[in-house]
Amino acid sequence: MASESAGRVPPDFSLKSGLPTLIVMKLWVLPAHVWLPLALAALAPLIVMGLIVALSRRRDRGIAMVLTLRSILVLGVGFAMLAGVATFSVVGAGLNELQQRHVPEIRGVADGFATNPMGPASGVNQLGLALFRAKDPNVSFIVVGGDGCRTSCVMSVGDLPVSTDVLQKHLMRAWPTGGDDQHILALGERAFLLVSNPIVDAGGAPVAHAVTVVAGIDATSIMMQAARTAWILLGISYALLILVGWSSWHQVSRSLATRMRAISTELRSGRADESIEMLHADGRELRELADSVKSYINQTLEQQKSTDERHKRLIDLSPDAIFICSNVGIRFANSAAVHMSGVESRRELIGVPIARFLEILPRPTGVKRDVAVSALRPARWRRRDGTTLQVEVAEITDNIGDDDSKQYVVRDVTHQQAREADLTHRAEHDPLTGLVNRARFQARLTELVHTQSSRPTADPREAAVLFIDLDGFKPVNDQHGHAAGDAVLVAISERLRQATRGSDVVARLGGDEFAVLLDVRDRDELRMVANRVLGSMRQPVAFDAGLLVVAASIGVASVRPDKATVGPPSHSESMRIAHELVRAADVAMYAAKTAGKDQFHLSPYPKESTEDSSEVSFPAVA
């Protein structure tokens with residue numbers, strides 16, 4: 001008899017049908033002679049891969065070798081999984097068949113014990129167990145026990161590799177718990193399927209101590225059948241893998257790259273004759289390879305040529321002038337460049353330095369220095385006929401060898417700048433008279449107030465405003481119509497330009513109100529300009545074979561820096577002073593109208609002063 005260590009079954013060991021059966025069976029049930037072919041099947045792809053890698057030279061292990069090894073690995077893993085699944089399926093099907101065949105028999109034995117009042121330990125019952133075991137050679141032992149064979153245990157045992165005491169100990173750990181589960185007991189190299197049925201009384205309740213009949217069905221034949229299946233699949237997988245490996249090795253060793261490398265090696269070693277024979281044998285494949293490479297190169301060149309042609313047409317259709325220049329001169333110019341240069345054909349531009357036409361201007365102030373090289377910059381373009389265009393240019397430099405190639409993209413913005421200048425003029429000038437409007441006048445007055453604060457104290461200046469309102473303009477409009485009124489406004493505007501100096505700013509504030517901004521040294525100079533303006537307003541205006549008579553009332557206000565204050569005023573302070581100065585001149589104009597019209601009045605802006613009622617102080621630079 002074997003020792004107790006011959007058993008390999010943990011406590012509460014049971015196998016249910018399906019995937020859990022296969023997993024637990026793989027770990028505990030299958031003997032070594034079943035595991036051996038499965039292990040060899042798993043090692044088969046690794047063995048073939050190792051042989052191919054060992055026989056091949058390292059420099060021959062290219063993409064063909066990688067694909068070959070991958071194919072062998074995938075095929076080998078597939079065969080190993082197939083062998084394992086087939087083996088486990090044979091074992092599972094055999095165990096299910098044994099259980100279904102013996103469950104009714106064991107149930108009959110349990111029912112016989114339930115109706116026998118003598119108990120399981122009686123000699124008659126023991127004889128019945130022996131007869132039942134002898135009747136079925138697959139039943140190696142049958143046990144009637146209570147409480148897992150702990151309180152009572154009656155056995156009928158045949159030829160087993162262990163003693164009854166050892167068998168009892170293993171049964172205590174692996175006692176079936178009932179139901180349809182498959183319970184397996186492994187003793188040495190033999191495996192037994194445990195089929196059980198509880199003994200119940202006439203009412204269907206289990207007897208005391210949960211007495212159960214357990215039969216051990218020899219499953220060794222099933223394991224042997226599984227082993228044979230595994231060995232057969234192992235042989236098939238090895239045969240196929242050897243065939244695939246040999247075919248792959250032949251393909252790798254006879255590949256064109258390998259043969260070309262072998263020919264090169266022989267030529268370097270001086271064995272030219274053998275190499276020539278190999279070249280003759282492989283000439284067809286080499287020609288096919290050369291033709292394929294040539295076809296690919298030609299196709300790539302054609303595609304590149306087609307792409308270049310499309311790019312050339314795209315550049316030629318660009319509305320911007322595009323030049324490619326070298327150190328010598330222009331090498332390429334598109335159609336827009338020819339038109340911009342004022343020449344008839346590209347040939348007249350080739351070789352001409354682009355500096356003959358292009359003058360790049362400095363970047364405007366406020367542009368960051370890290371602006372990209374290709375950013376548009378302002379420039380001038382001189383056409384062949386001498387016309388100058390305002391352009392924007394982007395310059396790109398390619399450092400290729402000793403020739404610094406440059407590309408220029410030139411855009412004509414002459415009309416754009418003219419439109420922008422016209423829009424700016426319309427936004428700042430009166431459309432009827434062409435004089436500056438109220439917003440522009442106020443901005444210029446604010447600038448003058450701020451600028452005068454920075455003048456040296458040795459040259460004091462005053463910012464003065466003449467606020468002019470026409471007298472008698474409404475009757476002209478009512479009697480002669482708006483056309484006559486417009487004619488009067490245009491004539492008055494022209495007289496104001498002639499009566500003032502070139503540095504003075506004349507503005508139409510709205511309706512029949514005008515203003516003049518002056519930069520004067522003293523009040524005498526201011527009175528002189530005011531008298532000259534007033535005199536020009538008295539001249540009649542010719543309209544429609546008649547004369548239209550108007551006059552003007554003028555309010556005058558001025559402001560000068562305060563020598564006691566250091567530092568120029570802020571922009572907001574300058575704006576405030578400018579608005580107050582205009583308002584003071586407006587008040588002075590109404591004072592002139594009240595006094596009788598056709599005169600000018602000096603405003604004491606902003607407050608009366610004992611020295612000069614027309615002066616006012618504001619911060620200035622000392």
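Six nonpolar residues, 1 polar residue and no charged ones: that is how the lining of the second largest cavity divides up in this predicted model. The residues in question are Ala41, Phe79, Leu82, Ala83, Leu233, Leu234 and Ser237. Two helices, α3 (63-115) and α6 (220-253), each supply at least two residues of that lining. The space inside comes to about 30 Å³. How many cavities of 30 Å³ or more are there? The count is 2.

**The overall picture**

Stepping back, the protein has 622 residues, and 39% of them are buried. Its secondary structure adds up to 16 helices and 18 strands. If you take the contacts with a separation of 6 or more, 63% of them join residues 24 or more positions apart.

How confident is the predictor? The mean pLDDT is 76, and 71% of the residues reach 70 or more. Some stretches do less well, and two of them are worth knowing about before you look around. Over residues 1-27, pLDDT stays under 50, and the model gives this stretch 64 contacts beyond four places in sequence. Residues 369-374 also stay under 50, with 6 contacts beyond four places in sequence.

**One side of a helix**

Now for helix α5, which runs over residues 164-173. Which of its residues are buried? They are Val166, Leu167, His170 and Leu171. These four sit on the same side of α5, because they cover an arc of only 135° around the axis. As for what covers them, strands take part: β1 (139-146), β2 (152-157), β3 (183-187) and β4 (190-198) are included in the cover over the buried residues of α5.

**Three residues up close**

Here are three single residues to pick out in the structure, each with its relative accessible area.

| Residue | Relative accessible area | Class |
|---|---|---|
| Isoleucine 360 | 32% | partly exposed |
| Aspartate 111 | 40% | partly exposed |
| Glutamine 442 | 14% | buried |

Start with isoleucine 360, which lies in strand β8 (residues 358-360). It counts as partly exposed because its relative accessible area is 32%. What does isoleucine 360 touch, once neighbours within four places in sequence are left aside? The contacts are Arg377, Pro378, Ala379, Val393 and Glu395. Take arginine 377 from that list: it sits 17 residues away from isoleucine 360 along the chain, yet their C-alpha atoms are separated by 7.3 Å.

Next comes aspartate 111, in helix α3, the helix that also helps line the second largest cavity. With a relative accessibility of 40%, aspartate 111 is partly exposed. Where it gets fun is the distance to valine 213: the two are 102 residues apart in sequence, but C-alpha to C-alpha they are 9.8 Å apart in space.

Finally, glutamine 442 belongs to helix α12 (residues 438-452). Is glutamine 442 buried or exposed? It counts as buried, because its relative accessibility is 14%, and buried means under 20%. Not counting residues up to four places away in sequence, glutamine 442 touches Ala578, His579 and Val582.

Note on methods
Residues are numbered from 1 along each chain as its sequence is written. This is a predicted model: local features need pLDDT of at least 70, side-chain atom pairs count only at pLDDT 80 or more; totals for chains, interfaces and linings use all residues. Side-chain values use heavy atoms; hydrogens and water are left out. On a 1 Å grid over the protein atoms alone, a cavity is a set of points where a 1.4 Å probe fits but cannot get out, and a pocket is an open set with protein on both sides within 12 Å along at least five of seven lines; lining residues have an atom within 4 Å of a point. Grid points are joined across faces, edges and corners, and a volume is the space filled by probe spheres set on the points. Ala, Val, Leu, Ile, Met, Phe, Trp, Tyr, Cys and Pro count as nonpolar, Asp, Glu, Lys and Arg as charged, and the others, Gly among them, as polar. Buried means under 20% relative accessible area, exposed over 50%, partly exposed in between (1.4 Å probe, protein chains only). The arc is that of the directions from the helix axis to the C-beta atoms. Contact means heavy atoms within 4.5 Å. pLDDT is the predictor's confidence in each residue, from 0 to 100.
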